[in-house]
Amino acid sequence: MASSSVNLEEIPSESLMNELLRRMKCAPKPEKHLILIGPPGSGKGTQSPIIKDEHCLCHLATGDMLRAAVSAKTPLGIKAKESMDKGELVSDDLVVGIIDEAMKKPSCKKGFILDGFPRTVAQAQKLDEMLERQGVKIDKVLDFAIDDAVLEERISGRWIHPASGRSYHTKFAPPRVPGVDDVTGEPLIQRKDDTAAVLKSRLESFHRQTQPVINYYSKKGIVATLHAEKPLSDVTDEVRKVLS
């Protein structure tokens, strides 16, 4: 695999030392290949960086990877762009190919967290076939299970300060003055996706697509169901027990 050469003399000493320390810390860790499944607002995005750091894994979010491959003009990225430009969905084979490519990076040496893929049983089967060729298999699927009513309360109460990305919640983390950012005093907005009607439609689609994927991996005995409605620290403890 071709790689661009890097002049180490131009990298700050602190960055080199931090990377060296990270690699030494990661060296004894066992490999892990994980899939995270959960509806919007279930806490996947919060737990993912914790899992990544504790187990020295790379985080593979298929949407981000597709955009990166298109931007880097890799052969697969060029094919993906052709599909996108035509308004077509990127094929499962292309997405699996991009995951295959990403797995070869040094940051993925100890394994990966797959987020946002697979969404269908056909995708799960294609992923398994590709991993089998590499002599790798999915070790655990973390299912962030949460009641739709809890999600509705979590999401429909979210308000955002667009310029900084600061987020508030009318019940769990309200701003000091309703509708106003604590730091700048600027007005807060609610994302179009964060309304009850949009959430209901997204959840129906999520359950319809994802339940067969969970069933597929359950037959392999690798699904761990997490109680994602619990407080963040409790869910983190649950994840640690499952992965220990």
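Accessible areas come from the Shrake-Rupley method with a 1.4 Å probe. On this basis the accessible surface of the protein, taken from a predicted model, comes to about 14,500 Å², of which 55% belongs to carbon and sulfur atoms. The C-alpha trace spans about 55 × 50 × 45 Å along its principal axes, and the protein has nine helices and seven strands. Buried residues account for 37% of the 244 residues. Among contacts between residues at least 6 apart in sequence, 71% join residues at least 24 apart.

In soluble globular proteins, nonpolar side chains tend to be buried together. In the present model the largest nonpolar core has 35 residues, and those with the most contacts inside it are L60, I99, L127 and Y217. Two or more residues are given to this core by each of β1 (32-37), β2 (58-61), α3 (62-72), α4 (75-85), α5 (92-103), β3 (111-115), α6 (121-133) and α8 (196-218), with α5 giving the most, at seven residues. A second, separate core of 18 residues includes L34, I51, I113 and L243.

When its neighbours within four places in sequence are left aside, Y217 is in contact with I35, P118, A124, L127, D128, V141, I222 and V223. One of these partners, P118, is found in the loop between β3 and α6, where a cis peptide bond, with omega of about 0 degrees, joins F117 and P118. Another partner, D128, forms a salt bridge with K220, the closest N and O atoms being 3.4 Å apart. D128 lies in helix α6 and K220 in the loop between α8 and β7 (223-227), so the salt bridge ties together parts that are 92 residues apart in sequence. D128 counts as buried at 16% relative accessibility, whereas K220 is partly exposed, with a relative accessible area of 46%.

Buried polar residues are also found in other elements, among them D143 and S83. D143 lies in strand β4 (residues 140-145) and has a relative accessibility of 12%, which places this residue in the buried class. With residues up to four places away in sequence not counted, D143 touches I37, I214, V223, A224, T225 and L226. The C-alpha atoms of D143 and Q123, 20 residues apart along the chain, are separated by 17 Å. S83, in helix α4, is likewise buried, with a relative accessible area of 12%, and its contacts, neighbours within four places in sequence being left aside, are with E88, L89 and V90.

A search of the whole structure finds 15 salt bridges, including that between D128 and K220. In another, K104 pairs with D100, the closest N and O atoms being 2.9 Å apart; K104 is partly exposed, with a relative accessible area of 45%. D237 forms a salt bridge with R240, for which the closest N and O atoms are 3.7 Å apart. Because D237 and R240 are three residues apart in helix α9 (residues 232-243), the two are separated by about one helical turn. Both are partly exposed, with relative accessible areas of 37% for D237 and 39% for R240. Salt bridges that share partners join E54, D237 and R240 into one network.

Positive phi values in residues other than glycine occur at C56 and K73. C56, with phi of about 60 degrees, lies in the loop between α2 (44-55) and β2 and is buried, with a relative accessible area of 5%. K73, for which phi is near 55 degrees, lies in the loop between α3 and α4 and is exposed, with a relative accessible area of 64%.

On the surface, M17, L20, L21 and M24 make a nonpolar patch of about 410 Å². M17 is found in helix α1 (residues 13-26) and is partly exposed, with a relative accessible area of 45%. According to the unreviewed UniProt entry, residues 158-193 are covered by the annotation "domain: Adenylate kinase active site lid". In the model the end C-alpha atoms of this span lie 10 Å apart, and residues 158-193 are 0% helix and 17% strand.

Note on methods. Residues numbered from 1 in each chain as written. Predicted model: local features only at pLDDT ≥ 70, side-chain atom pairs only at ≥ 80, totals over all residues. Heavy atoms only, no water. Patch = residues over 30% accessible without salt bridge, like charges linked within 9 Å, V, L, I, M, F, W, Y side chains within 5 Å. Salt bridge = Lys/Arg side-chain N within 4 Å of Asp/Glu carboxyl O. Helix = DSSP H or I, 4+ residues; strand = E, 2+ residues; numbered from the N terminus. Buried < 20%, exposed > 50% of the residue type's maximum accessible area, 1.4 Å probe, protein only. UniProt positions renumbered as here; feature names shortened; annotations may be inferred. Core = buried A, V, L, I, M, F, W, Y, C linked by side-chain atoms within 4.5 Å. Contact = heavy atoms within 4.5 Å.
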